[in-house]
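This report describes selected features of one protein model. The sequence and structure are shown first, and the remarks that follow may be read beside them.

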Amino acid sequence: MGWNLLEPIVKVLLSKEDRNLPHCHAILTHLLQTCSPKELLVGLLEQVEEADSDTIPEAIILLLKPLQTVLLKLGVRKASSVGMALSTLLAQVAQLPVPLSKEQEEDDVFGLCRCCTELLLFIRPFVEEVKENLNNNRGFSRNDELRGEILKFCMKSLSEPLLEVQLKDPDALEKSPLRDFASEILVILSSIGESLPDLLCHSVLRKREVPGFMEEEVRYPKESLASLAHLLFVKHIAMERFPAVLSPVFLLQCNMEYIELLLSRTEESRVQKGLELYEKTLVRVEDGSLPVDLLDLKTFFSVPQNLVKVMTLCPVQNLRTKGLSVFQLSIDKFNTEAKYKFFRCMLRTSEHAGVEGYIIKNIKTQIDSALRPGYGNEWFLGKHLLPLLHQVLCLPQGPETDLLHNLDRIMESLNLLRYLLIRDKEWQNETGVWSELYRMEENFLKPLRTGLNMSKAHYEAELKSAKENKRSSGTEAKAPTCTVTVGNESLPNMTPEMQLQVLQSALYTFDLMESVLARIEEIAEARGRV
């Protein structure tokens, strides 16, 4: 009878029909007192699951107290039932949109804030029971399933909704239910015997398996731990529970796996949190202190690759800009040997002319520092520098290289070589560039000159043809369009006027490239005459 009555009673309570509310509340109270707790639990969870998207908040808030009452009646064997209830509730909460603005959170337009606040009240007696067991030295017994279910709830909450939400700082929103929810989740983790430092460093320390029915990866999902790291280091939530004795370099190692995960995602919220976590972890590290050994770790290779994808492919402008800023910050933290190895690796793997150009600009900065008196940087001088220079001063496909597509790399390479020939006098030859100039001429300068001549001739012919076509077709708006392909992708059709502008711009670019090349050739020829 109780099972059959639940659905109509809940329907009336959700509709808030004033004349029937007292009767329905009384009936529900009676059912909770007299019916089988197990059957009521299943019936109540069915009502939570069947709530549509518009009534999820009201259904959860209405049914949390009855659910808690039923679960507490189950006694010591309630762990699996508590887990089932928490899983069902969080699955429904995950369907609610997250507030994006301060106003949306203040007004709780989607009901997420109320649900999170009520969930904390719902779980409190179960947390207290686990704390009491721990205080009584019962420890982490094999049958401590209730603690495991609460741990799963915390891990799931860290992933959804907390990884989706951009928490507001206290300065922007003094009273934030979602920030309070995040803080309380971390408090609960500590209360049930989970060490926040151990959780954060889990991937590095690979702590021993805890006896229980959950496998390690299920017990500590990486996405949840990434959210935990963001809350600690970016939002500074519960940092008072985190020891200050751990070195910044060790913390960076711990966080790199979470940064890798977040930056590999496509969702804007996750990419943003990955960038924020990387930045906040890096600023703790002293400039020039990261040793070359770290580059042997998988994450110190994969994170820059993911960062490059953010810088070049992310559709959100501010994230691309932020990505470049964090990329430079990461370079600044390496010592000189690590920078050298990092630059060589990035030049081999980036496959993006803009990124390669940026790396070459950083190489120039390091060489400039190395040439200063008393700097003592052997990695960007002489025998170590020359292999790096040969890697920089080359054309990927020789004279047939697409000069426009590789513009950033080529211009930075030319500027670097010009700088070296002017800055490093031949009689000093600290960089070794003068000893290898003949090879650089053969492998870079001569193929580039040939490629420039070919490209200029082609574009001049195209420009002449375009002008003739324009004259022959008149200046009407109905002039035929042309299609341009860049990087194997077709751009929108262009009018003849636009085509002329593109071709002229390309020729201006070739002239700029040629002017720098001519200056280098002039310096090289002067050396030959000597």
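## Cysteines and disulfides

In this predicted model, a search of the whole structure finds zero disulfides. Cys24 accordingly belongs to no disulfide, and the nearest cysteine sulfur, that of Cys35, is 15 Å away. Cys24 is buried, because its relative accessibility is 9%, under the cut-off of 20%.

A second cysteine, Cys394, may be considered in the same terms. The closest cysteine sulfur to that of Cys394 belongs to Cys345 and is 16 Å away, which is too far for a bond, since a disulfide requires two cysteine sulfur atoms within 2.5 Å. With a relative accessibility of 27%, Cys394 counts as partly exposed.

## The surroundings of Thr401

Thr401 is located in the loop that lies between helix α20 (382–392) and helix α21 (407–423). This loop residue is buried, because its relative accessibility is 3%.

The side chain of Thr401 reaches the backbone nitrogen of Gln397 at a distance of 2.8 Å. Apart from neighbours within four places in sequence, Thr401 is in contact with Leu395, Pro396 and Asn406.

## Helix α7 and its kink

Helix α7 comprises 24 residues, numbered 112–135. From its first C-alpha to its last, α7 reaches 34 Å, close to the 34 Å expected at 1.5 Å a residue.

Where in α7 does a kink lie? The kink, of about 40°, is placed at Arg124, shortly before the proline Pro125.

Definitions and conventions. Residues numbered from 1 in each chain as written. Predicted model: local features only at pLDDT ≥ 70, side-chain atom pairs only at ≥ 80, totals over all residues. Heavy atoms only, no water. Buried < 20%, exposed > 50% of the residue type's maximum accessible area, 1.4 Å probe, protein only. Helix = DSSP H or I, 4+ residues; strand = E, 2+ residues; numbered from the N terminus. Polar contact = N/O pair within 3.5 Å; in protein donor to acceptor, adjacent residues only side chain to side chain. Contact = heavy atoms within 4.5 Å. Expected span 1.5 Å × (residues − 1). Bend = angle between axes of the 7 residues up to and from the residue.
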